[in-house]
Amino acid sequence: MPKSIKKVAMTSEDIPEEKMVELKQIFPSAFAEGKINWEKLKLTLGAEIDEKVEKYGLSWAGKANAFKAIRVPATGTLIPQEKESVDWDKTENVFIEGDNLEVLKLLQKHYREQIKMIYIDPPYNTGKDFIYKDNFTENTSDYYERTGQSKDGVKLTSNLESNGRYHSDWLTMMYPRLFLARNLLREDGVIFVSIDDNEVANLRLIMDEIFGEENFVAQIVIDGTPKNDPYVVSTSHEYCIVYVKNLDAAKLAGYGLTNPHYSAIQEIWVGNQPDYKKVESKLKEYFLINNLKSDNLSNYKFADEDGVYRIGPIDDPQNSGPKDVRLNPLTGKPCKIPNRGWSCTIDTWSEWIEDNLIQFPHDDMVAPSKKTYIYSDRTDVLRSYNKVQTRKDTDHLKRLFGTPITPFSNPKPRSVIYDFVKNCNDKNLTVLDFFAGSGTVGEAVFQINAQDDGKRNFICVQLPEMIKIEGGMSNKEKKVAKAAIDFLTSINKPLNVAEISRERIRRAGEQFSKGDIGFKSYELSKSNYRQWNTITDKDDEQKLKTQMQLFLEKPLVDGYDEESVVYEVLVKEGFSLNSQVSQSVIPGKLGIKVWQIIDGERRMFVTFAKKLTQEQAGSLGLVEKDIFVCLDSALDDTTKVNLVRNFNLRVI
Ligand SMILES: C[S@@+](CC[C@H](N)C(=O)[O-])C[C@H]1O[C@@H](n2cnc3c(N)ncnc32)[C@H](O)[C@@H]1O
């Protein structure tokens, strides 16, 4: 099929458009002239349609705005900040400074279904802790301007309970971010969201709506320091809500922490079977040598043709199990019925017999036992209750920054994130945190990789929220802000939270001598593509003409920086932020400069040459799947038609 000449993508993906394409593939008959025919769709779905007016679900003032926020594509771009980065050329970790809604949109094309784990610790909605962008048609820079914020951002709106939309505003902020985050998760991926009592109920409801309640996994309790000024009850815990993208896929993904001795035990079985008595005596020896005699692991002292196993009671812990007569297949006589009744129904009993999961005695005065094979036992899977010492991490930050007071309050305990990442049981995963704060996720990833030679990497996103001392702050908040301001001033950095995060990650990396301890830093910025200004004065034909002329002749903003444009093309064409970007010169007397972008198997070439001949473009040796990007005005029509036969041509 002949390819067409396309304009480079000017914005991020159009999410609703893309969902329409998916819908069209499933129900082609429900579409006419590109639009959905509701009646036909209803007929196709038949009984699945709920016609009732009253429905179960969560609704709030502004839900329509949340959907609008998803629909408006991002016009901004990410520009590299090499000087702020560590090991730019080698690292696979990414730090992005900017508003996470816009950033999540820009990540959609490349990172869709690529992320195994997302951890976020969003503002808990305590009255003044979140920034809320309510006009989705503008880009971040315009938003900063309109709201009188500097590029470094300050808190715009305190979300006070008295404003009447206290929970609504928080939900409108969270919903689009979670929706876009879900797209980035792999089918077997998991998301952890920290939250406290303020919004836990609402969060569960929107998570149910976005991820599906069938994909809910747990509401982990993180028990830390009791809050000050308790009345009636002193609350000392918060939560971490866990959902997976698709429970069936996650079940097969092997989550959990495998005991390091499991593989040695497995080897004893493999090396000595079918002499299971020998396997059992070797296991005994192994537990003795490794000082495991009093460890639960030493319960795995039996072996048969299916592996090494332990045995446990088969009676009902609730003391209310069935007490029907069940036969011992070894003796052909009834088994001893447990006093508390059987722990399973007769159907499950039959399945267990089939799967060799019951150990029958030769003596019918003894009750049978339930077998658990070592390969199926993930005793070290995450628990839903976690006791932490928050002080340890505050002290750790003080030490890292060398400050008497922490410059960031309430960093999440590293041990919690460490366990979440470790529990994924995947040494190559990517972790995304789009409310990065002090960058705890970055440090946890460094730490785990250093311990087990893993190749995990992270993407952290943090708003450059300005740090300043304001009225209405508590004494503690003022002290923390002052510590941050003094620290950032001492290292000559702008006074915003993204600087704190980056510096934390830099310093955290220095603690480890192994693994990738670098990161590439990017900044969310205005697009390099000229933006269309709506002309409201209908009579002003001249203005319109001038603008159209400008678009044709100068599609890029005045004084644009080539590297920034290259990265904008890279992001919007869906290349990895870890792509290799280099420059070369097309051989020949004109010496035309070309940027080369390599992302695994994918290659893209970008040039800003004012005029290009077919020979010059041809001399790059591009193949059919390569992308070549140049100015629209650089090629005449015949050359365009000829080039597009050989590779993908995009014009700016
Ligand atoms: C509760 S803190 C996260 C703390 C972090 N887990 C840690 O261990 O340090 C939430 C962070 O999200 C940031 N944030 C809030 N709104 C944001 C937005 N729209 N985009 C990016 N970051 C945002 C805040 O500046 C704050 O640093």
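**Exercise 1. Determine how β5 is placed among its neighbours in this predicted model, starting from its pairing with β17.**

Step 1. β5 and β17 run parallel and are joined by four bridges. Within this pair, Val94 has Lys520 of β17 as its bridge partner.

Step 2. Four bridges also connect β5 with β16, again in parallel. Here Ile96 is matched with Val461 in β16.

Step 3. Next, consider the faces of the strand. In a regular strand, side chains alternate between the two faces of the sheet. In β5, Val94 and Ile96 lie on one side, Phe95 and Glu97 on the other, and all of them are buried. Both faces of β5 are therefore covered, given that buried means under 20% relative accessible area.

Step 4. Identify helices that touch the strand. Helix α4 (residues 100–111) lies across β4, β5, β6, β15, β16 and β17, and runs at about 150 degrees to β16. Helix α16 (residues 497–510) packs on the sheet with contacts to β5, β16 and β17, its direction making about 165 degrees with that of β5.

**Exercise 2. Write down the strand order of the sheet and name its edges.**

Step 1. The order is β4-β17-β5-β16-β15-β6-β7-β9-β8-β14, an open sheet of 10 strands with mixed pairing.

Step 2. The edges are β4 (77–80) and β14 (385–387), since each pairs on one side only.

Step 3. From one strand to the next, the twist averages 20 degrees.

Step 4. As a check on one inner pair, take β6 (residues 115–120) and β7 (residues 185–195): they run parallel and share five bridges. Met117 stands opposite Val190 of β7.

**Exercise 3. Examine the salt bridges Arg186–Asp188, Asp223–Lys387 and Glu573–Arg650, and state whether each residue is buried, partly exposed or exposed.**

Step 1. Side chains of opposite charge can pair when their charged atoms come close. A search of the whole structure gives 37 salt bridges.

Step 2. Arg186 and Asp188 meet at 3.0 Å, N to O. Arg186 counts as partly exposed because its relative accessibility is 26%, while Asp188, at 15%, is buried.

Step 3. In the pair Asp223 and Lys387, the closest N and O atoms are 4.0 Å apart. Asp223 belongs to β8 and Lys387 to β14, so the pair ties together parts that are 164 residues apart in sequence. Asp223 is buried at 13% relative accessible area, whereas Lys387 counts as exposed at 53%.

Step 4. For Glu573 and Arg650, the closest N and O atoms are 3.3 Å apart. Glu573 sits in the loop between α18 (562–572) and β18 (580–586), and Arg650 in β22 (residues 648–651), so parts 77 residues apart in sequence are tied together. Both Glu573 and Arg650 are buried.

Step 5. Salt bridges also form a network, whose members are Glu84, Glu97, Lys493, Glu499, Arg502, Glu503, Arg506 and Arg507.

**Exercise 4. Characterise Val232 and Ser234 in the loop between β8 and β9.**

Step 1. The loop lies between β8 (216–223) and β9 (237–244), and Val232 is in it. Val232 counts as exposed because its relative accessibility is 87%.

Step 2. Tyr231, Val232 and Val233 make a nonpolar surface patch of about 430 Å².

Step 3. Ser234, in the loop between β8 and β9 as well, counts as partly exposed at 40% relative accessibility. Leaving aside residues up to four places away in sequence, Ser234 touches Pro226 and Lys227.

Terms used
Residues are numbered from 1 along each chain as its sequence is written. This is a predicted model: local features need pLDDT of at least 70, side-chain atom pairs count only at pLDDT 80 or more; totals for chains, interfaces and linings use all residues. Side-chain values use heavy atoms; hydrogens and water are left out. Patches are made of residues with over 30% relative accessible area and no salt bridge: like charges are joined within 9 Å, nonpolar side chains (Val, Leu, Ile, Met, Phe, Trp, Tyr) within 5 Å. Accessible areas come from the Shrake-Rupley method with a 1.4 Å probe; for residues, only the protein chains shown count as cover. A salt bridge is a side-chain nitrogen of Lys or Arg within 4 Å of a carboxyl oxygen of Asp or Glu. Helices (H or I, at least four residues) and strands (E, at least two) are DSSP runs, numbered from the N terminus. Buried means under 20% relative accessible area, exposed over 50%, partly exposed in between (1.4 Å probe, protein chains only). Two strands pair if DSSP finds at least two bridges between them. Axes are lines fitted to C-alpha atoms, for helices over the stretch in contact, and angles run from 0 to 180 degrees between N-to-C directions. Contact means heavy atoms within 4.5 Å.
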